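Please look over the chain shown below before reading on. The briefing that follows goes through its core, its rings, its cavities and its unusual backbone spots.

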Amino acid sequence: MNTRRLLATALLLFCGLAVGQEQVQIQKWTARVRLIVEGDEPAATSMRSYVNREFRAIGDVVVTDHDPNYRVSIVIRNVTRGYAISVVTCDETSIDTARVMIDAFNDAAGLNIKGEAAATLIFWMGDRYANVHHWLKICLSSELEAAIKEFVAKFDVESLQPVRDGLQKYSDSQKKKN
């Protein structure tokens, strides 16, 4: 099972813990993204500003270095009349997230994962990266902002939307039960 599925499952289980007897209340999900931008100035500063603005526009994304769900690493270099942009994105699971996920599995599914089994799972789940995507673009200077909008839209569809869809399906299934 890959990290994205584990995180989505853990999120679903967390949401399940918030279920009341008469009404399902799904906590609002927020993606936490660690953004790393390196490269030639002033393009790197512009890139950081554009990406932050586009992530804020999505609405459920927070750029932070604290316990991120995703890592976005961008390198931008000046080339003749424009820029070469390399973006690597991946799901990021920390050891703390792995511990919380195991606790959620234990509570919500009635499991009893502990001791050596829990330590082994934490080792294999923690500080890992999965679902790595690479996006490469060469654009004119005048196309930099449009290139960033294209990347953020792709990240939203490929990485964030599957989690939103999973949470919605879970919410719908819980409503049907009540």
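Leaving aside its neighbours within four places in sequence, which residues is M47 in contact with? The contacts of M47 are V37, I74, I76, I85, L144 and I148. The model is a predicted one.

**Overall layout**

- The chain has five helices and five strands.
- Read from the N terminus, its elements follow the order α-β-α-β-β-β-α-α-β-α.
- The chain has 178 residues, and 39% of them count as buried.
- Among contacts with a separation of 6 or more, 76% are between residues 24 or more positions apart.

**The nonpolar core**

- The largest nonpolar core holds 29 residues.
- M47 belongs to the group that touches the most other members of this core, together with F55, V72, I74 and I85.
- At least two residues of the core come from each of β1 (31-39), α2 (43-58), β3 (70-79), β4, β5 and α5.
- Helix α5 is the main contributor to the core, giving nine residues.
- Two residues just named with M47 in the core, I74 and I85, are also in contact with M47.

**Aromatic rings**

- Four aromatic pairs turn up in a search of the whole structure.
- In one of them, the ring centres of Y70 and F155 are 5.5 Å apart and the planes meet at 85°, so this pair is edge-to-face.
- Y70 sits in strand β3 and F155 in helix α5, so the pair ties together parts that lie 85 residues apart in sequence.
- Y70 and F155 are both buried.
- These two residues also belong to one aromatic cluster, which is made up of F55, Y70, W135, F151 and F155.

**Cavities**

- A probe the size of a water molecule, rolled over the atoms, shows where empty space is left.
- Two cavities of 30 Å³ or more are found when the whole structure is searched.
- The largest cavity has a volume of about 80 Å³.
- Its lining consists of V87, V88, T89, H133, W135, F151, K154, F155, E158 and S159.
- Three elements give two or more residues each to this lining: β4 (82-93), β5 (128-140) and α5 (144-177).
- Helix α5 has the largest share of the lining, with five residues.
- Sorted by class, the lining has five nonpolar, three polar and two charged residues.
- W135, F151 and F155 line the cavity and are also members of the aromatic cluster.

**Backbone features**

- Most peptide bonds are trans, and most residues other than glycine have a negative phi.
- The bond between E41 and P42 is a cis peptide bond, with omega about 5°.
- P42 is located in the loop between β1 and α2.
- What is the phi of R81 near? The phi of R81 is near 65°, a positive value in a residue other than glycine.
- R81 is part of the loop between β3 and β4.
- Is R81 buried or exposed? Exposed means over 50% relative accessible area, and R81 has 69%, so R81 is exposed.

**Points to take away**

- Helix α5 gives nine residues to the largest nonpolar core and five to the lining of the largest cavity.
- F155, in helix α5, pairs with Y70 and lines the largest cavity.

Conventions. Residues are numbered from 1 along each chain as its sequence is written. This is a predicted model: local features need pLDDT of at least 70, side-chain atom pairs count only at pLDDT 80 or more; totals for chains, interfaces and linings use all residues. Side-chain values use heavy atoms; hydrogens and water are left out. On a 1 Å grid over the protein atoms alone, a cavity is a set of points where a 1.4 Å probe fits but cannot get out, and a pocket is an open set with protein on both sides within 12 Å along at least five of seven lines; lining residues have an atom within 4 Å of a point. Grid points are joined across faces, edges and corners, and a volume is the space filled by probe spheres set on the points. Helices (H or I, at least four residues) and strands (E, at least two) are DSSP runs, numbered from the N terminus. Ala, Val, Leu, Ile, Met, Phe, Trp, Tyr, Cys and Pro count as nonpolar, Asp, Glu, Lys and Arg as charged, and the others, Gly among them, as polar. A nonpolar core is a set of buried Ala, Val, Leu, Ile, Met, Phe, Trp, Tyr and Cys residues joined through side-chain atoms within 4.5 Å. Buried means under 20% relative accessible area, exposed over 50%, partly exposed in between (1.4 Å probe, protein chains only). Contact means heavy atoms within 4.5 Å. Rings of Phe, Tyr and Trp (its six-membered ring) pair if their centres lie within 6.5 Å; planes under 30 degrees apart count as stacked, over 60 as edge-to-face and the rest as tilted.
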